[in-house]
Amino acid sequence: MGDHQPKKSDHFSFGLWTIMNTGRDPFGEPTREPISGLDVITELGRRNVYAYEMHAEDLVPAGSTAAQRDRLIKEANQRMADENIICVNCGANVFAHPVFKDGGLTSHDPKVRQLALQRYLNAIDIGHEVGCNLCDLWWGRDGAEVDAAKDPVEAIKRLREGLNYLQQYIDEQSYAGYRLAIEPKPNEPRGDTYLPTGGHALALIATLDKPENCGVVIELAHARMAGLNAYHEVAQALECGKLFDCHFNAQKPLRFDQDLRFGAEDLKESFFVVKLVEDAGWDGPRSFDAHPYRTADREEVWDFVEGCIRTYLILREKVRQFNADADIQSLLKEIHEGAEGPIPPPAELSKMSFDADALARRKMHHERLDQLTQELLLGVR
Ligand code: XLS
Ligand code: MG
């Protein structure tokens, strides 16, 4: 067994907002002291975390003067250099201020849409200044409760227009390698959010002016909130080269956005997501976008950080064990036997005869395979 300590090469990352979270929820006041974005950068770097993510406003609060902005960015760069930590994703906060109560990019009011775009432009500029090259658009409030009030067809058009606008800005600024990503979520804080899943986001991306420059950030909890299989969500994005970032956390299905510590629920699914990205050699950030329990005090937040990392590393070890397990591998070999057979041309295929009953008798071994997986995860193999 390894020591489960993070290395920079593991590509772990945390959102600044996850550590800055003070435990406030819709029913209760904060339960822990605030911490600044700058201090989070330092503390994460010292714990050997590779990177951080942010909303630009986590570092530079909206309404800061130009001098304050420049000082904060300078200080962030200094701390990043001191602790050898980088920024891998910078989005914008277009959900907290009341002006965005009916969305940003999909607001009926052109001034609000422009303000949302200004926030995203600001995030791209700040991201660029801290050496980041991804702007994650989690629009939060672009959705609806009252469908009579908002046209979903129009909303999709406005999202497309917004993404194309931002892409044009990136090109004009010659921010080489800078990319955009959509982070889908089915609901919360809106009753329904536009583009609720990875598949919806991918479909919109295909219609953009520069589809190759826009991908998705799949968050495991967001898929599970919709009752979907997070492993399958990540797989589809990965398969088409669109997994620009991935948010690891945990969630009981079909509930409010719980943002639990990675692995705290849905352990088997978490294992398969780790297996997926590790086996694929995916080199994107393993970003933890979870919240410490409201019961955690400021100090215990670091237990949460350690927990997310340790669970990932333990699951990665389990992946290696799974891939080396003779019983599991021989079952898999049998299950996949002949799977790569060519498909004959239609003229030939339509005349072929199949013994469907014989084909149906092929053993699947699912019971045994799943039990072996279970036992491996339970630590008895
Ligand atoms: C909220 C989102 C958010 C994004 C960043 O549910 O997960 O935290 O990741 O804006
Ligand atoms: Mg997220």
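1. In this predicted model, Gly15 has Glu53 as its bridge partner in β2. The strands concerned are β1, residues 12–15, and β2, residues 51–55; they run parallel and are joined by three bridges. Gly15 also appears among the residues around ligand 1, as does His55.

2. The sheet to which these strands belong is open and has eight strands. Its order is β3-β2-β1-β10-β9-β8-β6-β4, and the pairing is parallel. At the edges are β3 (86–91) and β4 (134–137), each of which pairs on one side only. On average, neighbouring strands of this sheet are turned by 30° against each other, direction ignored. As background, the strands of a sheet pair through backbone hydrogen bonds, and the pairing may be parallel or antiparallel.

3. Which residues are found around ligand 1? They are Gly15, His55, Gly91, Asp136, Trp138, Glu183, Lys185, Glu219, His247, Asp257 and Asp289. By class, this shell has six charged residues, four polar and one nonpolar. Several of these positions can be placed on the strands already named: Gly91 of the shell falls in β3 (86–91), and Asp136 of the shell falls in β4 (134–137).

4. Helix α7, residues 198–205, lies across two strands, β6 (179–182) and β8 (214–219). Its direction is at about 175° to that of β8. Both strands are members of the eight-stranded sheet, where β8 is followed by β6 in the order. Glu219, a residue around ligand 1, falls within β8 (214–219).

5. Two packed helices are described by the angle between their axes and the distance between those axes. For α2 (residues 37–46) and α4 (residues 66–83), the angle is about 10° and the axes are 9 Å apart. Angles under 35 degrees count as roughly parallel, and α2 and α4 are therefore roughly parallel to each other. On the α2 side the contact involves Leu38, Ile41, Thr42, Gly45 and Arg46; on the α4 side it involves Glu75, Ala76, Arg79, Met80 and Glu83. The contact of α2 with α4 is made up of four charged, four nonpolar and two polar residues.

6. Helix α9 (residues 230–239) packs against helix α10 (residues 267–279) at an angle of about 15°, with an axis separation of 8 Å. That angle makes α9 roughly parallel to α10. The crossing of α9 past α10 is right-handed. From α9, the residues Ala230, Tyr231, Val234, Ala235 and Leu238 meet Glu269, Phe272, Val273 and Leu276 of α10. In this contact of α9 with α10, eight residues are nonpolar, one is charged and no residue is polar.

7. How do the axes of α12 and α15 run, roughly parallel or roughly antiparallel? The axes of α12 (residues 326–336) and α15 (residues 366–378) come within 10 Å and cross at roughly 150°. Angles over 145 degrees count as roughly antiparallel, so α12 and α15 are roughly antiparallel to each other. Their crossing is left-handed. Asp327, Ile328 and Leu331 of α12 make the contact with Arg368, Leu369 and Leu372 of α15. The class count for α12 with α15 is four nonpolar, two charged and no polar residues.

8. Two backbone points deserve a look. The peptide bond from Glu188 to Pro189 is cis, with omega near 10°, and Pro189 sits in the loop between β6 and β7 (192–193). His4, in the segment before β1, has phi near 55°, a positive value in a residue other than glycine.

Methods:
Residues are numbered from 1 along each chain as its sequence is written. Chains are lettered from A and ligands numbered from 1 in the order in which they are written. This is a predicted model: local features need pLDDT of at least 70, side-chain atom pairs count only at pLDDT 80 or more; totals for chains, interfaces and linings use all residues. A residue is near a molecule or strand if its C-beta atom, placed from the backbone, lies within 6 Å of it. Ala, Val, Leu, Ile, Met, Phe, Trp, Tyr, Cys and Pro count as nonpolar, Asp, Glu, Lys and Arg as charged, and the others, Gly among them, as polar. Two strands pair if DSSP finds at least two bridges between them. Helices (H or I, at least four residues) and strands (E, at least two) are DSSP runs, numbered from the N terminus. Axes are lines fitted to C-alpha atoms, for helices over the stretch in contact, and angles run from 0 to 180 degrees between N-to-C directions. Two residues are in contact if their C-beta atoms, placed from the backbone, lie within 7 Å. Angles under 35 degrees count as roughly parallel, over 145 as roughly antiparallel, 65 to 115 as roughly perpendicular and the rest as oblique. A crossing is left-handed if the near helix is turned anticlockwise from the far one by less than a right angle, and right-handed if clockwise.
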